[in-house]
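Here is a short briefing on one protein model. Look over the sequence and the 3D view, then work through the points below.

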Amino acid sequence: MGIAKSKFNEYWPDVNENIPSRLEIDIKGPTFDPMLGFPNGRKERVAPLTHEVMVDANIPLKYRDYCSDKYLDWLQCMREESFGRNTVIRWKEYEREKRLRERRKRRIEKGLEPDPDSTNTEFM
């Protein structure tokens with residue numbers, strides 16, 4: 001709490017001054033000229049997807065921004081890779097490990113392979 005409060009006081013030293021809400025900032029508009037610092041003009045930001053496309057794709061409101069196309073790519077990747085391939089690969093790896101453990105157990109019982117848990121160094 002102490003560090004957070006000291007950092008807060010660095011950025012907002014007058015605690016009696018009201019912190020403007022996001023709505024107040026949006027209503028009042030920018031304080032400085034938007035072209036300040038851009039001598040050749042400012043490039044306009046264009047959203048990669050239109051509003052209609054975002055609505056059709058059922059993108060939640062909190063993700064409807066300039067990265068909405070990346071969100072759609074992520075969803076597609078999750079649909080294709082997450083359950084499909086990754087889960088199948090994990091199941092196959094589990095089954096392989098299970099078969100290899102059973103094989104090692106059988107080979108140890110037959111005396112074809114040394115027991116890694118024993119201190120017997122006959123096969124080494």
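Among contacts between residues at least 6 apart in sequence, 0% join residues at least 24 apart. Keep in mind that this is a predicted model. The protein has 4 helices and 0 strands.

**Overall build**
- Read from the N terminus on, the elements run α-α-α-α.
- The protein has 124 residues, and 6% of them count as buried.
- Its accessible surface comes to about 11,800 Å². Carbon and sulfur atoms account for 56% of that surface.

**The nonpolar core**
- Which residues make up the largest nonpolar core? There are 5 residues in it: Leu49, Met54, Ile59, Tyr71 and Leu75.
- In soluble globular proteins, nonpolar side chains tend to be buried together.
- Tyr71 belongs to this core. Its relative accessible area is 16%, so Tyr71 counts as buried, the cut-off being under 20%.
- Set aside the neighbours of Tyr71 within four places in sequence. Tyr71 is then in contact with Ile59, Pro60 and Tyr63. Of these partners, Ile59 is also a member of the core.

**Aromatic rings**
- A search of the whole structure finds 2 aromatic pairs.
- One of them joins Tyr63 and Tyr71, with ring centres 4.5 Å apart. Why is the pair of Tyr63 and Tyr71 stacked? Their planes lie at 20°, and planes under 30 degrees apart count as stacked.
- Is Tyr63 buried or partly exposed? Tyr63 is partly exposed, because its relative accessible area is 34%, and the partly exposed range runs between 20% and 50%.
- Its ring partner Tyr71, by contrast, is buried.
- Tyr63, Tyr71 and Trp74 form one aromatic cluster.

**A charge over a ring**
- Where does the charged end of Arg45 sit? It sits over the ring of Tyr66. The distance to the centre of that ring is 3.7 Å.

**Cysteines**
- How many disulfides does a search of the whole structure find? The search finds 0 disulfides.
- A disulfide is a covalent bond between the sulfur atoms of two cysteines.
- Cys67 is partly exposed, with a relative accessible area of 47%.
- Cys77 also counts as partly exposed, at 38% relative accessibility.

**To recap**
- Tyr71 links two of these topics. Tyr71 is one of the core residues, and Tyr71 is also part of the aromatic cluster with Tyr63 and Trp74.

Terms used: Residues numbered from 1 in each chain as written. Predicted model: local features only at pLDDT ≥ 70, side-chain atom pairs only at ≥ 80, totals over all residues. Heavy atoms only, no water. Core = buried A, V, L, I, M, F, W, Y, C linked by side-chain atoms within 4.5 Å. Buried < 20%, exposed > 50% of the residue type's maximum accessible area, 1.4 Å probe, protein only. Contact = heavy atoms within 4.5 Å. Disulfide = S-S within 2.5 Å. Helix = DSSP H or I, 4+ residues; strand = E, 2+ residues; numbered from the N terminus. Areas by Shrake-Rupley, 256 points an atom, 1.4 Å probe, with all protein chains shown as cover. Phe/Tyr/Trp six-rings, centres within 6.5 Å; stacked < 30°, edge-to-face > 60°. Lys NZ or Arg CZ within 6 Å of the ring centre and 35° of its normal.
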